[in-house]
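Subject: Structure handover and notes

Dear colleague,

Please find the structure below, followed by my notes on what was found in it. I would be grateful if you read the two side by side.

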Amino acid sequence: MPMNAALQGIADGGQATHAHTGAWVAGVLRSRISAGQLPPGTKLSEQKLSEALGVSRNTLREAFTVLAGESVVQRIPNRGVYVAAPGADDVREIYRVRRLIEPAAVLWGDIPAEALEGLEAIITTAKDAKAAGSVERMADANQELHKAFVALSGSGSLQELMEKVLAEMRLVFHAMATTPDFHSHYVERNAALVEQIRAGQREEAAAELRRYLDAAEHELLVHIGAVPEEPSSAEARPPEEPHPTK
């Protein structure tokens, strides 16, 4: 999505007149990045953003400082501020955080009926997106599901942390835009996780979620060339010894 369109969405959404602070602006930009509206490499124009948000450039720079600390944007001297493109170290850090908070929320969080219905509705959306071959909608549903997992914790602080992680995660997903199978096979794994949660198999679901996150991290690192692709089981087997002549 072009930056102008993303900014139009901000203006149309109204302004929090009581909260024109760097933190508020950082939250607005983070949500747009998390939603995929500002892809990696997008230049964040101070003039356009300050006009669209109705804030001063100093306030905007405060927001940039916050987002730079989260590795969501990157300041390039003499060029400006750009939406970041996460590297291998960023991917590893994202998954360190996710492995700690997501399985714990699934294992110990509160899961009322309406929360379970919400999880199942996301799975339905993801399956529809898969059937339509929509990579973007599969990615959207995946983000929503993992956000909903953390929401089970009931902790506002953890949900705020997850919002930051998902903003960076969305930037990682852009690297997989030409690899639709990355998202499609996780649709089924997500559905299986929700089935385990519905069945009350929370320990099993938490353990499977950790394995799932391990696999996703490895797949991303392979895709960006940070680690070698593991050989298939057939390739990994040593050649068979020839049978002796009888």
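How much accessible surface does the chain have, and what percentage of that surface belongs to carbon and sulfur atoms? The accessible surface comes to about 13000 Å², of which 51% belongs to carbon and sulfur atoms, the areas being obtained by the Shrake-Rupley method with a 1.4 Å probe and, for residues, with only the protein chains shown counting as cover.

Before the details, some conventions. This is a predicted model, in which local features need pLDDT of at least 70 and side-chain atom pairs count only at pLDDT 80 or more, while totals for chains, interfaces and linings use all residues. Residues are numbered from 1 along each chain as its sequence is written, and side-chain values use heavy atoms, with hydrogens and water left out.

**The chain as a whole**

The secondary structure comprises eleven helices and two strands, where helices (H or I, at least four residues) and strands (E, at least two) are DSSP runs numbered from the N terminus. Along the sequence the elements follow the pattern α-α-α-α-β-β-α-α-α-α-α-α-α. Of the 246 residues, 41% count as buried, that is, under 20% relative accessible area, with exposed meaning over 50% and partly exposed in between (1.4 Å probe, protein chains only). Among the contacts with a separation of 6 or more, 73% come from residues 24 or more positions apart, a contact being heavy atoms within 4.5 Å.

**Helix H7 and its partners**

Helix H7 (residues 135-151) and helix H8 (residues 156-174) have axes that come within 10 Å and cross at roughly 160°; axes here are lines fitted to C-alpha atoms, for helices over the stretch in contact, and angles run from 0 to 180 degrees between N-to-C directions. That makes H7 roughly antiparallel to H8, given that angles over 145 degrees count as roughly antiparallel, those under 35 as roughly parallel, 65 to 115 as roughly perpendicular and the rest as oblique. The crossing of H7 with H8 is right-handed, meaning that the near helix is turned clockwise from the far one by less than a right angle, whereas an anticlockwise turn would be left-handed.

Helix H6 (residues 113-132) packs against H7 at an angle of about 165°, with the axes 8 Å apart, and H6 and H7 are therefore roughly antiparallel to each other. Their crossing is left-handed. Residues of H6 including Leu119, Ile122 and Ile123 meet residues of H7 that include Met138, Leu145 and Phe149. By class, this contact has eleven nonpolar, one polar and four charged residues, where Ala, Val, Leu, Ile, Met, Phe, Trp, Tyr, Cys and Pro count as nonpolar, Asp, Glu, Lys and Arg as charged, and the others, Gly among them, as polar.

Helix H5 (residues 88-108) packs with H7 at about 65°, with the axes 7 Å apart, which makes H5 roughly perpendicular to H7. Here Arg98, Ile101, Glu102, Ala105 and Val106 in H5 meet His146, Phe149 and Val150 in H7, and the contact has five nonpolar, one polar and two charged residues.

**Ala205**

Ala205 lies in helix H10 (residues 202-223) and counts as buried because its relative accessibility is 1%. Leaving aside neighbours within four places in sequence, Ala205 is in contact with Val106, Leu193, Gln196 and Ile197. Ala205 and Leu107 are 98 residues apart in sequence and 7.6 Å apart in space, C-alpha to C-alpha.

With best regards
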